[in-house]
Amino acid sequence: MHPHRLPTVLALSWGVLILYASLYPLTGWRDSGAPLLDFLFAGWPRWFTFFDLLTNVLAYLPLGFLGVSALAPTLGWGWAVVLATLGGVGLSLGVELAQNFLPSRIPSNVDLAMNALGVLAGALAGARWGALLLDGSRLAFRRARHVAPGGWGDAGLLLAGLWLLTQFDPTTLLFGNGDLRRWLALPSAFAFSTGRAPWLEGAAVGAHTLAVALLLAQLLRRRRWLPILGLLLVALAGKSLATYVMMQERLAFAWATPGSLGGLAIGLMLWFALRPLRAHLQRALAGVALIAAIVLVNVAPENPYFAHTLQVWHPGQFLNFHGLTRLAALVWPYLALTWLLCAPTEKGSCFNLRPDE
């Protein structure tokens, strides 16, 4: 992938995530009969929170920053700011219009204004610092020094960031990604058992931990264990923070069950034992561990104790973010498998014609 394409991919990816989060849960579409543009002329809402205002600004700020970074090499920084801002405002307006047809959503001119402010602020910041994402910058130099080259390496960085995002979903057990049952309304394969459940949970967490550690090892040019361990610790901290903020303080470590902690320890020990293996063997084992984790997550029965804990969970103002994290948790393992299959070889990869491009 050409260095200038990374901001473009990031900008498009962020736009898709905004679109999904803003229209979540994507069900119940109907025509309310109200004029589509009435919300533009509504007065200041009677009830609002500064959290909502800030969230709407921050959600669109990266879009403006990335949009300017993507457009500047072709159009120059001035036109890039103008077009990135107009594009972000257009996306926000389209989302608000679409929310007319969702009973769970209310279109708002205040949201539109805050989104416009966010994308403009991000575009201006991109004009000042967007060059950091382009070829020749210090950030690009460090990326080239420490991360696998080409589009495969860029995709791996996106994958690592998406995996961190999945940990901010308080409604899943630790590393419980790839669960298709909640989306397909499928029943559990067998009944819950207090004796069997911790073993299944530990096996799923251990397999996922091993898969993520081996996957990250493929992404780094050098086989360093400290960055990988650091990312895992950040993920655990993110899980606790999400539960603390979105649910209750006393539930911040609800993920730290005996099964999860045991699986985490076993996964880390297996990873350290397998570190001396060659890269292609580690990739193969990462794929096997990831498939095992997906199967275990999808066959394990629902834990009634965890379900009882979730009774205090009401998304409310976190509805957009919750929809985003649920989508990320669903698709991540399958994207990771695709990434592993597209690893560079002498004949190239899915992302490059040649592995050194």
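**Exercise 1.** Work out how much area the protein chain exposes and what share of it carbon and sulfur atoms supply.

Start with the total: about 18500 Å² is exposed. Carbon and sulfur atoms make up 70% of that. The areas come from the Shrake-Rupley method with a 1.4 Å probe, and for residues only the protein chains shown count as cover. Before going on, note that this is a predicted model, where local features need pLDDT of at least 70, side-chain atom pairs count only at pLDDT 80 or more, and totals for chains, interfaces and linings use all residues. Residues are numbered from 1 along each chain as its sequence is written, and side-chain values use heavy atoms, with hydrogens and water left out.

**Exercise 2.** Describe the overall build of the protein chain: how many helices and strands does it have, and what share of its residues is buried?

Step one is to count: there are 13 helices and zero strands. Both are DSSP runs numbered from the N terminus (helices: H or I, at least four residues; strands: E, at least two). Step two is burial: 45% of the 357 residues count as buried. The cut-offs are under 20% relative accessible area for buried, over 50% for exposed, and partly exposed in between (1.4 Å probe, protein chains only). Step three is contacts, meaning heavy atoms within 4.5 Å. Among contacts with a separation of 6 or more, 81% join residues 24 or more positions apart.

**Exercise 3.** Find the largest nonpolar core and say which helix gives it the largest share.

First, the term: a nonpolar core is a set of buried Ala, Val, Leu, Ile, Met, Phe, Trp, Tyr and Cys residues joined through side-chain atoms within 4.5 Å. The largest one has 44 residues, and those touching the most other members include Trp 163, Phe 175 and Trp 332. Helices supplying at least two residues each include H6, H8 (197-219) and H13 (319-341). The largest share, ten residues, comes from H8.

Now zoom in on Trp 332. Leaving aside neighbours within four places in sequence, its contacts include Leu 159, Trp 163, His 208 and Leu 290. Another core, of eight residues, lies apart from the largest one, with Ile 18 and Leu 63 among its members.

**Exercise 4.** Is Phe 175 buried or exposed, and what is special about its phi?

Phe 175 sits in the loop between helix H6 (150-166) and helix H7 (181-184). Its relative accessible area is 2%, so Phe 175 is buried. Its phi is near 55°, a positive value in a residue other than glycine.

**Exercise 5.** Which residues form a nonpolar patch on the surface?

They are Leu 75, Trp 79, Val 82, Leu 83 and Leu 86, with about 490 Å² of accessible area together. Patch members have over 30% relative accessible area and no salt bridge, with like charges joined within 9 Å and nonpolar side chains (Val, Leu, Ile, Met, Phe, Trp, Tyr) within 5 Å. A salt bridge is a side-chain nitrogen of Lys or Arg within 4 Å of a carboxyl oxygen of Asp or Glu. Helix H3 (residues 77-98) gives the most, four residues. Take Val 82 in H3: its relative accessible area is 38%, so Val 82 is partly exposed.

**Exercise 6.** Which helices do the buried residues of H4 pack against?

The buried residues of H4 include Leu 112, Met 114 and Gly 118. They pack against helix H2 (50-75) and H3.
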